[in-house]
Amino acid sequence: PAHRDRPGVVWHGGPDGLWRLLGDGVSRVAPLPVGHWSGVQAIAMDHRGSLWVSLNTPGIYRLQDGRWQHLDPDRLPGFRRDTSPLVLLPAADGTMWMGFVRDRIVVVGADGSVMRQIGADEGLQVGNVTALHEDADGIWIGGERGIALAERGAVRSRVAAEGSALRGISGIVRTADGALWLNGARGVVPY
């Protein structure tokens, strides 16, 4: 996976570690914090400059000042030891949104504490959460079964019919002209 941070640096992650693409140069930043093979599922930089990484070993780690910190699952209510976020989003309010399988989002504060949990009981009906995007409307949530919008404490989901262009959402962007575009199982479509 790749992540473009606010200053425009592109970060890549894989079994060999984390890499930074800046201008024309690529440099290795750090090996992964686990001693065995692992894939990187998601990368995001928070507002303090820490790089958050979700591994499929599983585990969530934060790289700050060249040192890895494992986020203890016991401190994250609703977080299971056998799963890691599929997607991460550093929100404008300083929180980190983590999208999981089976309609689960955990919102974590800068200190690593859980601020909020969002699931089916709160109206989330997208299945596995595979895309997150923040804009003036709120936080858009894409998944295998459709799209949702979290705004002002509420979640509104639109479950898509089988074969719909709104199934399998894996990317969400808002263009300069205000249009919202989705990458789904059937390609790129406007919303």
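Begin by selecting V129 in this predicted model and displaying its surroundings: apart from neighbours within four places in sequence, V129 is in contact with L86, V87, G99, F100, R104, I105, L124, I141 and G142.

Next, widen the selection to the core around this residue. V129 is among the residues with the most contacts inside the largest nonpolar core, a set of 16 residues. W97, I105, L124, L132, I139 and I141 are listed with V129 in that respect. Colouring by strand shows where the core comes from: at least two of its residues are supplied by each of β9 (87-90), β11 (104-108), β13 (129-135), β14 (138-143) and β15 (146-151). A second core, separate from this one, can then be selected; it has 14 residues, including A30, V34, I43 and Y61.

Return to the start of β11 and select D103. This residue sits in the loop that runs between β10 (96-100) and β11. Is D103 buried or exposed? Its relative accessibility is 10%, and because buried means under 20%, D103 counts as buried. Its backbone also merits inspection: phi of D103 is near 55 degrees, a positive value in a residue that is not glycine.

Now display the side chain of D103 together with the backbone of V126 and G127. Which backbone atoms does this side chain reach? One is the nitrogen of V126, which lies 2.7 Å from a polar atom of the D103 side chain. Another is the backbone nitrogen of G127, reached by the D103 side chain at 2.7 Å. Expanding the view to contacts beyond four places in sequence, D103 touches I118, G119, A120, L124, Q125, V126, G127, N128 and R145. L124 in this list also belongs to the largest nonpolar core.

The next stop is the largest pocket, whose volume is about 630 Å³. To centre the view, select H3, R4, L88, L89 and P90, the closest to the pocket centre of the 27 residues that line it. Then show the contributing strands: β1 (2-4), β5 (40-45), β9, β13 and β17 (171-174) each supply at least two lining residues. Which strand gives the most to the lining? It is β13, with 5 residues. Colouring the lining by residue class gives 14 nonpolar, 8 polar and 5 charged residues. Both β9 and β13 thus appear in the pocket lining as well as in the largest core.

Move on to the peptide bond between T57 and P58. This bond is cis, with omega about 0 degrees. P58 is located in the loop between β6 (51-55) and β7 (59-64).

From there, follow β7 to D65, in the loop between β7 and β8 (67-70). Phi of D65 is near 55 degrees, again a positive value in a residue other than glycine. Is D65 buried or exposed? Because exposed means over 50% relative accessible area, D65, at 74%, counts as exposed.

Finally, select L22 in strand β3 (residues 17-22). At 53% relative accessibility, L22 counts as exposed. Add A92 to the selection and draw a line between the two C-alpha atoms: L22 and A92 are 70 residues apart in sequence, and their C-alpha atoms lie 23 Å apart in space.

Notes: Residues are numbered from 1 along each chain as its sequence is written. This is a predicted model: local features need pLDDT of at least 70, side-chain atom pairs count only at pLDDT 80 or more; totals for chains, interfaces and linings use all residues. Side-chain values use heavy atoms; hydrogens and water are left out. A nonpolar core is a set of buried Ala, Val, Leu, Ile, Met, Phe, Trp, Tyr and Cys residues joined through side-chain atoms within 4.5 Å. Buried means under 20% relative accessible area, exposed over 50%, partly exposed in between (1.4 Å probe, protein chains only). Helices (H or I, at least four residues) and strands (E, at least two) are DSSP runs, numbered from the N terminus. Contact means heavy atoms within 4.5 Å. A polar contact is a pair of N or O atoms within 3.5 Å; within protein, one must be able to donate a hydrogen and the other to accept it, and residues adjacent in sequence count only if both atoms are side-chain atoms. On a 1 Å grid over the protein atoms alone, a cavity is a set of points where a 1.4 Å probe fits but cannot get out, and a pocket is an open set with protein on both sides within 12 Å along at least five of seven lines; lining residues have an atom within 4 Å of a point. Grid points are joined across faces, edges and corners, and a volume is the space filled by probe spheres set on the points. Ala, Val, Leu, Ile, Met, Phe, Trp, Tyr, Cys and Pro count as nonpolar, Asp, Glu, Lys and Arg as charged, and the others, Gly among them, as polar.
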